Amino acid sequence: MWRYFLPTRVFSGSGVLKENAGLLRETGTKAFIVTGRNSARISGALDDLYEILKVIEIPHFLFDEVEENPSFDNVEAGKRALLESECDFVIAIGGGSPLDAAKAMAVLAKNPELSCKELYGGSNLMALPVIAVPTTSGTGSEVTPYSILTDSNGIKKGFGMPSIFPVLALLDPVYTLSMPWSITLATALDALSHSLEGEIVNSAQNPLVKMLSKSATEIIARTLPLVREKQDDLILRERLQYSSMIAGMVIAHTGTTAVHAAGYPLSSFKGVKHGMANAMIIPSVFERIALSSPDTVLNAIKPFDNLEELRKFLDRFDIWRDKLDISDDEVLEWSTQSERAAHNKKTPGVFDRDFYINLYRELRGN
Ligand code: NAP
Ligand code: ZN
């Protein structure tokens, strides 16, 4: 027996925003637009949205202050602006950071008595409707019920609830053309991580999820080296955007594994991009899983024939070029945190403190 749930309406293709202006009007009467500092503008998405909102006569308020790995404070500031603006729906443009921050703001605006830390209680709270317009091809946040925020101690924490599935995902590959190679790479590796991790968790239980993860892994493995050579190729960009979205559909069902848990401190405390952090960790986690479940790993990583092939693929992008500056205290503290992460429960194999100590030591080169 298996089940699958995804309430997000997905529209994809060049010009998708303009073509579907009517859907924006159906969603609400005043739009709260959430973006990072630059990407919504340089991608062209914000100008397109302004043009459409003018035509359909929907007033709007812009909150363009979302930072990378958005903090509780950042989201609380957005919540205040959202409440003051009296908007009744949210349009998020950007990578995972603005999309996730917007989801949290949408819940807090509907439950103004709550603060960010109370979003982690496990209940499904009501939220304002969120429309997601991704400008990176990585997180799949446009089709997931998750929001990953950073608390006041710098710890990244995800919460999930069905109400924060975006009601609408509008995917225009044109908005991803402005990504420089470093962001294209990091975000595509995040998507690869989602499809590989999701396949491990799913372990062929759900045929629909399996089909999505297999397809995402294959497309990314084939497309990423080509995009490096032809970064302005819209067809290749569209393939990455599609694979990232279907990898999002995978983790919407499976969640993520020890790879994500172990990567969070690298982003919070060392500024490593989320997808790069995952990619650095994938081989070690998968080698550990293979000790107890070798066939599950071989099946999960196809089209890579074995873990050595996967490692070689990642190495082509120089992801381990720089050793990280991680202190002994950080190794111990992060290992304690990672060992406690709920992600370990769904990762086959033993992920104890010693595993994480060795992992973080490897990343710093000893
Ligand atoms: P991001 O943090 O949203 O953005 C990274 C950088 O890319 C920012 O400087 C951003 O600029 C820039 N950028 C975005 N789109 C661009 C474009 N088209 N052209 C040029 N620059 C662009 O990156 P992300 O990897 O997409 O998101 C990472 C976050 O998502 C992490 O917090 C991660 O934990 C979370 N995540 C969420 C889920 C989920 O299911 N919700 C899953 C995985 C990861 P601006 O600052 O100007 O926007
Ligand atoms: Zn991720």
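**Notes on the salt bridges and the zinc site**

1. A search through the whole structure turns up 14 salt bridges. Keep in mind that this is a predicted model. A few of the bridges are picked out below, and then the zinc site.

2. Start with Lys-273 and Glu-68, which form a salt bridge with their closest N and O atoms 3.3 Å apart. This pair ties together distant parts of the chain, 205 residues apart: Lys-273 sits in the loop between α10 and α11 (274–292), while Glu-68 belongs to the loop between β3 (60–66) and α5 (72–85). How open are the two ends? Lys-273 has a relative accessible area of 31%, so it counts as partly exposed. Glu-68 comes out at 57% relative accessibility, so that end is exposed.

3. Next, have a look at Glu-330 and Lys-270, whose side chains meet in a salt bridge at 3.0 Å, N to O. Again the link joins distant parts of the chain: Glu-330 is in helix α14 (residues 328–340) and Lys-270 in helix α10, 60 residues apart. Lys-270 is partly exposed, because its relative accessible area is 29% and the partly exposed class starts at 20%.

4. Then there is Asp-322 with Arg-321, a salt bridge whose closest N and O atoms are 3.8 Å apart. That still makes the list because the cut-off is 4 Å. Arg-321 is exposed, at 60% relative accessibility.

5. Which residues join up in a network of salt bridges? Lys-18, Asp-48 and Glu-51 do.

6. Now the metal. The zinc ion (ligand 2) is held by Asp-190 through OD and by His-194, His-260 and His-274 through NE2, at 2.1 to 2.2 Å. If you want to find the donor residues in the sequence, their spacing reads D-x3-H-x65-H-x13-H. Two of the donors, Asp-190 in helix α7 (residues 181–202) and His-260 in helix α10 (residues 258–270), link distant parts of the chain, 70 residues apart.

7. What is the geometry of the zinc site? Irregular: the angles among the 4 donor atoms run from 82 to 168°. A tetrahedral label needs all angles between 85 and 135 degrees, so this range rules it out. Before reading much into that, note that water is not among the atoms, so sites may look incomplete.

8. Are these zinc donors buried or exposed? Asp-190 is buried, with 2% relative accessibility. His-260 is buried too, with a relative accessible area of 3%. Both values fall under the 20% limit.

How values were computed:
Residues numbered from 1 in each chain as written. Chains lettered and ligands numbered in written order. Predicted model: local features only at pLDDT ≥ 70, side-chain atom pairs only at ≥ 80, totals over all residues. Heavy atoms only, no water. Donors = N, O, S within 2.8 Å, 3.2 Å for Na, K, Ca; no water. Tetrahedral: all angles 85-135°; square planar, octahedral: opposite > 155°, others 65-115°. Helix = DSSP H or I, 4+ residues; strand = E, 2+ residues; numbered from the N terminus. Buried < 20%, exposed > 50% of the residue type's maximum accessible area, 1.4 Å probe, protein only.
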